[in-house]
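Trainee: I'm new to this one and would like to go through it with you. Can we put it on the screen and take it step by step?

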Amino acid sequence: MRYIVSEALRNVRHGGVVSVLAILIVALTTILFGVLYLVRAAVHFELARMADRPVVVVFPEDRLSDDEVRAMATEIDGIPAIESTQVVSKAEALARSGELFGEHAAVLLEGFGRDNPLPRSIEVWAAAEGPEPGSLAALSQQLRALSGVESVTFEADSIRAIGRVKNTVMLLGALVIVISVVVISFSIMLTIYARRDELNILRLVGATYGFIRVPLLLQGCIEGLLGSAVGLGLLYGLFRNLGSLAGVQEFLEPVAAAAIVGGATLIGMAGGMMPMRRRLRAVT
Amino acid sequence: MTAPSRPAGTAPKVERVYEDTTVLRAIDERMYPPPEPKLPMIDASGVTIRYGRHEPVLDKANFTIHSGDFTFVLGASGSGKTSLLRLLFRDVLPTEGSVVVAGQSLRRLRGRGLAHFRRQVGFVFQDFKLLPGRTVYENIGMALRVTGCSRKQVRDRVEHILPRVGLTHRRNAYPAEISGGEQQRVAIARAMVGNPMILLADEPTGNLDPHLSVAILDLFEGFNLRGTTVVIATHDTATAVERGKRVLRIEDRKVREGVR
Ligand SMILES: Nc1ncnc2c1ncn2[C@@H]1O[C@H](COP(=O)(O)OP(=O)(O)O)[C@@H](O)[C@H]1O
Ligand SMILES: [Mg+2]
């Protein structure tokens, strides 16, 4: 065991530029990942906030009576994908816009007098926690087809945008992981190449592949571990200096930080695993 | 050489007398009596070695070496001595024919099996193949490390062999800091530290002073007396003949008995 660890550390030390590069790349990956994670948390927050708002707003035709509008709301409530509805009367709409305009509301309301220009509406909440952009479009289409519906609005664009951000975040994350694995495996390949004579000699004096491989795997782990530690340190520095600007209130919780370090270590091991068999066989 | 006289009742100081291998040999002989029966340790039949499209180095050669034998393999430079030793070490595979060493058919050996096989066969390479970044002690110990020996086992065995090759005082030196002769003894110690059944040595006297050659061959004879089967490749007929041991010669791509 002591042999394995000292051997792996020796590899990292003797790896020179490439080992340092591998560690830096993992650090960068960690930073990127940490930023993505924090952004992702923000995105989730945004999605949660959106769940509090109606996903679709139906505007009935003006000629319908209030009773007819309520009947329409009940009908919409019957659609399976829909959680609940709420009728917003002209007066309520005006009151809300009043809230919106704060202290100027009184002046505005007075100006409108009897002629309230705001339409009645039926606010619709979908059943699922986070509405899918696709199903939302279909739902609004369905609602638009009901008789007496003037128009339908839905928040497709912002939801789509958030979905896109989410996908991009995942894709970037995956890409960054792949790059890390490749760079670490490259550093280990270089170690194997630089030490090919030595590894060859070890084979000749009776070392199994396992004996040769384990320190190399551990080298990958150590590079992953060191890299993520450095990365977390830098990320924390970034957070302290720029976090409030970016609207990020809290740093990674300990569990997430531990997960990143653990993940990086595994990534390092994967990097160590990749080149192994073929490389070693070609060398020895 | 004669054993130095010493006052009765004092233990022999190994450090001081290591150069005189007769003493060690006498001790070793008493500790490890040579084995009785002669079993085939190495058996090669119909062996052809061919590198790529070149002319074969060996062509359907046959030879047998028995357990406990001390054998010289003689041949001109380029005749295939190194190839033959590497064959016995399964560092090259025969293009044709079969090689059985210590009861194992080499053709099927690979991976872990090959590693275990090589622990039973010590090889003193012509270029020594020492690890440049490790001390003498570490280089010798490496042959035990790879077998999973504990630190203590490694220490005990390396300490045991260091005086036998006269390297106790060089234990912490790196290969680049010691002479060619010393490097060679490191290589010999590494080959022997695991107590292998077979010792293969490629031109071990190739570039040594005559008196050093004698010392090295004495060392091999000492190991042989303890039961190790020894095979030494050399291009020097005199070296092979002087010892009065068995000689195999490589000639016309065959392995033949005797000097000629
Ligand atoms: N790896 C190799 N590839 C191609 N040819 C080789 C290789 N090793 C040895 N040879 C050739 O095989 C012949 C025997 O070489 P070798 O076994 O080293 O002879 P010796 O040790 O008796 O000098 C030589 O002609 C040499 O050039
Ligand atoms: Mg040779």
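Trainee: Which residue of chain B meets Glu198(A) in a salt bridge?

Mentor: Keep in mind that this is a predicted model. Side chains of opposite charge can pair when their charged atoms come close. Here the N to O distance is 3.6 Å, and the rule finds one salt bridge across the interface of chain A and chain B. The partner of Glu198(A) is Arg134(B).

Trainee: How much area do chain A and chain B bury between them?

Mentor: The size of an interface is often given as the accessible area lost when the parts come together. In terms of contacts, 16 residues of chain A touch 20 residues of chain B. Carbon and sulfur atoms hold 62% of the buried area. The total that the two chains bury is about 1700 Å².

Trainee: And which residues in chain A lose the most area to chain B?

Mentor: Look at the chain A side of that interface. Three residues together account for 35% of what that side buries. They are Ile201(A), Leu204(A) and Val205(A).

Trainee: Let's stay with chain A. Is Val39(A) buried, partly exposed or exposed?

Mentor: Val39(A) sits in helix α2, residues 16–51 of chain A. With Val35(A) and Val165(A) it makes a nonpolar surface patch of about 180 Å². Its relative accessible area is 34%, which lies between the 20% and 50% cut-offs, so Val39(A) is partly exposed.

Trainee: What share of chain B is buried?

Mentor: Start with chain A, where 41% of the 284 residues count as buried. That chain has eleven helices and four strands, while chain B has nine helices and ten strands. Chain B has 260 residues, and the buried share there is 50%.

Trainee: Back to charged pairs. Where is Arg171(B), the partner of Glu159(B)?

Mentor: The side chains of these two meet at 2.8 Å, N to O. The pair links distant parts of the chain, twelve residues apart, with Glu159(B) in helix α6 (residues 151–161) of chain B. Glu159(B) is partly exposed at 30% relative accessibility, and Arg171(B) is partly exposed too, at 24%. As for its place, Arg171(B) lies in the loop between α6 and α7 (180–192) of chain B.

Trainee: Are Glu251(B) and Arg249(B) buried or exposed?

Mentor: Their side chains form a salt bridge with an N to O distance of 3.2 Å. Glu251(B) has a relative accessible area of 15%, and Arg249(B) has 12%. The cut-off for buried is under 20%, so both Glu251(B) and Arg249(B) are buried.

Trainee: What about Asp252(B), buried or exposed?

Mentor: Asp252(B) pairs with Arg256(B) in a salt bridge of 3.6 Å, N to O. Arg256(B) counts as partly exposed at 30% relative accessibility. Asp252(B) reaches 61%, over the 50% cut-off, so Asp252(B) is exposed.

Trainee: How many salt bridges are there over all chains?

Mentor: Besides the pairs we went through, chain B has a network of salt bridges that links Asp218(B), Glu221(B), Arg243(B) and Lys245(B). A search of the whole structure gives a total of 21.

Trainee: One last thing: how many disulfides does the rule count over all chains?

Mentor: A disulfide is a covalent bond between the sulfur atoms of two cysteines. There are cysteines here, including Cys221(A), buried at 12% relative accessibility, and Cys149(B), buried at 17%. The rule wants two cysteine sulfur atoms within 2.5 Å, and by it the count is zero.

Methods
Residues numbered from 1 in each chain as written. Chains lettered and ligands numbered in written order. Predicted model: local features only at pLDDT ≥ 70, side-chain atom pairs only at ≥ 80, totals over all residues. Heavy atoms only, no water. Buried < 20%, exposed > 50% of the residue type's maximum accessible area, 1.4 Å probe, protein only. Helix = DSSP H or I, 4+ residues; strand = E, 2+ residues; numbered from the N terminus. Patch = residues over 30% accessible without salt bridge, like charges linked within 9 Å, V, L, I, M, F, W, Y side chains within 5 Å. Areas by Shrake-Rupley, 256 points an atom, 1.4 Å probe, with all protein chains shown as cover. Salt bridge = Lys/Arg side-chain N within 4 Å of Asp/Glu carboxyl O. Contact = heavy atoms within 4.5 Å. Buried area = accessible area lost by both parts, 1.4 Å probe.
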